[in-house]
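These are my notebook entries on a protein model. I wished to look up its strands, its aromatic rings and its nonpolar core.

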Amino acid sequence: LPLTDVGPHRFSFRFSNYELSRNIPTLRYFVTRTGAIDIIAPAPGGKVPHADTVTLKWDYKKEIEDLHSYEISVSETPFRFLTDDQVTWKPVGKKKSFTLDTSTIKPGDWVYWQIRAVTPGGEPVTASNISSFKLKK
């Protein structure tokens, strides 16, 4: 399987025996470029003064060839406790910051977030590590 060719891939079987009457599964996967997106602010695990908004910032270390835009996911629940359908991604364009409305988040609560780069077709190319910060009381 290709592991260095960044992007979506499909792997399927082809048989020359046409008497086979079963469906053959196709494996779909994508390869990402790790370490391309760095979280800048707030610092991972940091404490942030409670305010109505917090600006989340990131940068990329390497040029992302297929970059069309970024998407962000933010949660008050750690991502490891969420299923894929509970994680929502919001488009943020090509800018490298996002102003998060924290007016409804209680002081003392943790916020978890992640950024990913997507192609024009919406396929993920790479993602940042999951980051978190705590709103100070």
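Which residue in β5 is the bridge partner of isoleucine 39? I looked this up in the model, which is predicted, and found that the partner is tryptophan 58.

**Entry 1: the sheet.** I next looked up how β3 and β5 are joined, and I noted four bridges between these antiparallel strands. The two strands belong to an open sheet of three strands, whose order is β3-β5-β8 and whose pairing is antiparallel. I recorded that β3 and β8 each have a single partner strand and stand at the edges, so one side of each has no neighbour in the sheet. On average, with direction ignored, neighbouring strands of this sheet are turned by 30 degrees against each other.

**Entry 2: the aromatic rings.** I then returned to tryptophan 58 and asked how many aromatic pairs the structure holds. I found two aromatic pairs. In one of them, tryptophan 58 meets tyrosine 70 edge-to-face, at 5.7 Å centre to centre and with 70 degrees between the planes. The angle explains the label, because planes over 60 degrees apart count as edge-to-face. Tryptophan 58 lies in β5 (residues 53-60) and tyrosine 70 in β6 (residues 69-75), so this pair ties together parts that are 12 residues apart in sequence. I checked whether these residues are buried or exposed. Both tryptophan 58 and tyrosine 70 are buried.

Tryptophan 58 also forms an aromatic pair with tryptophan 113. I noted this pair as tilted, with 6.4 Å centre to centre and 55 degrees between the planes. The pair links distant parts of the chain, since tryptophan 58 is in β5 and tryptophan 113 is in β9 (residues 110-118), 55 residues apart. Tryptophan 113, like tryptophan 58, is buried. I therefore entered Trp58, Tyr70 and Trp113 as a cluster linked by ring pairs, given that rings pair if their centres lie within 6.5 Å.

**Entry 3: the nonpolar core.** Finally, I asked which residues have the most contacts inside the largest nonpolar core. They are Leu56, Trp58, Trp113 and Phe133, in a core of 18 residues. I listed the elements that give two or more residues to this core: β3 (37-41), β5, β6, β8 (97-101), β9 and β11 (131-135). The largest share, four residues, comes from β9.

**Closing note.** I have marked Trp58 for its repeated appearance: it is the bridge partner of isoleucine 39, it belongs to the ring cluster, and it is among the residues with the most contacts inside the largest nonpolar core.

How values were computed:
Residues are numbered from 1 along each chain as its sequence is written. This is a predicted model: local features need pLDDT of at least 70, side-chain atom pairs count only at pLDDT 80 or more; totals for chains, interfaces and linings use all residues. Side-chain values use heavy atoms; hydrogens and water are left out. Rings of Phe, Tyr and Trp (its six-membered ring) pair if their centres lie within 6.5 Å; planes under 30 degrees apart count as stacked, over 60 as edge-to-face and the rest as tilted. Buried means under 20% relative accessible area, exposed over 50%, partly exposed in between (1.4 Å probe, protein chains only). A nonpolar core is a set of buried Ala, Val, Leu, Ile, Met, Phe, Trp, Tyr and Cys residues joined through side-chain atoms within 4.5 Å. Two strands pair if DSSP finds at least two bridges between them. Axes are lines fitted to C-alpha atoms, for helices over the stretch in contact, and angles run from 0 to 180 degrees between N-to-C directions.
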